[in-house]
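The following paragraphs lead through a protein model, beginning with a term on which the later reading depends. The sequence and the structure are shown here for reference.

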Amino acid sequence: MAANFWASSHCKKLLDSDEVGHVLPADQERGLTAEDVKLIKIYLSSYIKNLAGHLKVRQRVVATAIAYFRRIYTRKSFTEFDPRLVAPTCLYLASKAEESTVAAKLLVFYMKKIPPEDKGFRYEIKDVLEMEMRLLEALDYYLVIYHPYRPLIQLLQDAGLSDIIVTVWSIVNDSYRTDLILMHPPFMIALACIYIGSVIKDKETRTWFEELRVDMNVIKNIAMEILDFYENYRNIPEERLNAAMAKLPQSYVNAVGD
């Protein structure tokens, strides 16, 4: 594992907005738009969190799984890799990477229950294990993810804002409903969440931010991305989500195996 973020594969693989926001040709052919892709990512990120709650794994595992999931779809299309299998497999892989291993049998048990009305999630253990190998290859076997949580605690202490940690921690969790973890260093995401939290809690932080000498334009852009999620995507109308999911293949002949 890299000694710090700046020497890590995570840092070296940071992407720009065009790289995470584009729709791959195979998905375009099925009529998937950038908005559809965004909705599917948000829905499956929430699914990972829901599944993890039943499996009782740490928040860090959830965050790592979502980072894997979002990184996969900068390289692979939804047409090629069924997100309803990729999402739980990312959680399974993340549980190993974060040393909180979940039994494949238990994972599949809850996959079949959440949500019970969607048969697209009814894969078996062999499917998860085979997809795990494909995901490892797609990720180039780089599994170390740095998250905003550790710098968040340090920065809040430095700013004398430890009393708003619950609010800001929740905002960091919500940042994983976006692609921010793929684009920005974790400490910058943490700062943007502190910026939002300080406004919500009416805390004066202008002097502190000035002393940090960070690019406030970047901080504000990150904050705007999170606020856009709150305003437009926190509660997605079912009909919008269903319309996007309906564009996925009904059958993934090549979802697993070669």
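A residue is called buried when its relative accessible area is under 20%, exposed when the value is over 50%, and partly exposed in between. The model discussed here is predicted. Glutamate 98 illustrates the first class: its relative accessible area is 13%, which is under the cut-off, and therefore it counts as buried. This residue belongs to the loop between α6 and α7, the latter helix spanning residues 104-111. Apart from residues up to four places away in sequence, the residues touched by glutamate 98 are Arg58, Arg60, Val61, Thr64 and His147.

The adjacent position in the numbering, glutamate 99, is also assigned to the loop between α6 and α7. Glutamate 99, however, has a relative accessible area of 74% and is therefore exposed. Its backbone carries a further feature, since phi of glutamate 99 is near 55 degrees, a positive value in a residue other than glycine. A second case of this kind is tyrosine 141, which is not a glycine and yet has a positive phi of about 65 degrees. Tyrosine 141 sits in the loop between α8 (125-138) and α9, and its relative accessibility of 56% places it among the exposed residues.

The overall division of the chain may now be considered. The domain assignment gives domain 1, residues 10-144, and domain 2, residues 149-232. Between the C-alpha centres of domain 1 and domain 2 the distance is 25 Å. Contact between the two involves 20 residues of domain 1 and 14 residues of domain 2.

Where does the largest pocket lie with respect to domain 1 and domain 2? Both domains contribute residues to its lining, and the largest pocket therefore lies between them. Its volume is about 530 Å³. The lining comprises 19 residues, of which Arg60, Ile145, Tyr146, His147 and Arg150 are the closest to the centre of the pocket. Two elements each give two or more residues to this lining, namely α9 (149-159) and α12 (186-200). The largest share, 4 residues, is supplied by α9. By class, the lining of the largest pocket consists of 12 nonpolar, 3 polar and 4 charged residues. Arg60 and His147, named above among the residues closest to the pocket centre, are also contacts of the buried glutamate 98.

An enclosed space is present as well. The search of the whole structure yields 1 cavity of 30 Å³ or more, and the largest cavity has a volume of about 30 Å³. Its lining is formed by His22, Val23, Leu24, Asp27, Val37, Lys41, Tyr73, Lys76 and Phe78. These residues divide into 5 nonpolar, 1 polar and 3 charged.

The packing of individual helices can be followed through their buried residues. In α10, which runs from residue 165 to residue 175, the buried residues are Val168, Ile171, Val172, Asn173, Asp174 and Ser175. The elements covering them include α5 (59-72), α9, α11 (180-183), α12 and α14 (216-232). Both α9 and α12 were named earlier as elements that give two or more residues to the lining of the largest pocket.

Helix α15, residues 238-245, has Leu241, Ala244 and Met245 as buried residues. These cover an arc of only 95 degrees around the axis, so they are on the same side of α15. An α-helix has 3.6 residues a turn, and residues three or four places apart therefore point the same way. The partners against which the buried residues of α15 pack are α4 (34-55) and α6 (83-97).

Two pairs of residues relate distant parts of the chain. Glutamate 35, in helix α4, is separated from methionine 245 by 210 residues in sequence, while the C-alpha atoms of the two are 12 Å apart in space. Glutamate 35 is partly exposed, with a relative accessible area of 30%. Its contacts, leaving aside neighbours within four places in sequence, are Tyr233 and Arg240. The second pair joins methionine 133 and leucine 93, whose positions differ by 40 residues along the chain and whose C-alpha atoms are 9.6 Å apart. Methionine 133 lies in helix α8 and is partly exposed at a relative accessible area of 48%.

Notes: Residues are numbered from 1 along each chain as its sequence is written. This is a predicted model: local features need pLDDT of at least 70, side-chain atom pairs count only at pLDDT 80 or more; totals for chains, interfaces and linings use all residues. Side-chain values use heavy atoms; hydrogens and water are left out. On a 1 Å grid over the protein atoms alone, a cavity is a set of points where a 1.4 Å probe fits but cannot get out, and a pocket is an open set with protein on both sides within 12 Å along at least five of seven lines; lining residues have an atom within 4 Å of a point. Grid points are joined across faces, edges and corners, and a volume is the space filled by probe spheres set on the points. Ala, Val, Leu, Ile, Met, Phe, Trp, Tyr, Cys and Pro count as nonpolar, Asp, Glu, Lys and Arg as charged, and the others, Gly among them, as polar. Domain bounds come from an automatic or database domain assignment. Buried means under 20% relative accessible area, exposed over 50%, partly exposed in between (1.4 Å probe, protein chains only). The arc is that of the directions from the helix axis to the C-beta atoms. Contact means heavy atoms within 4.5 Å.
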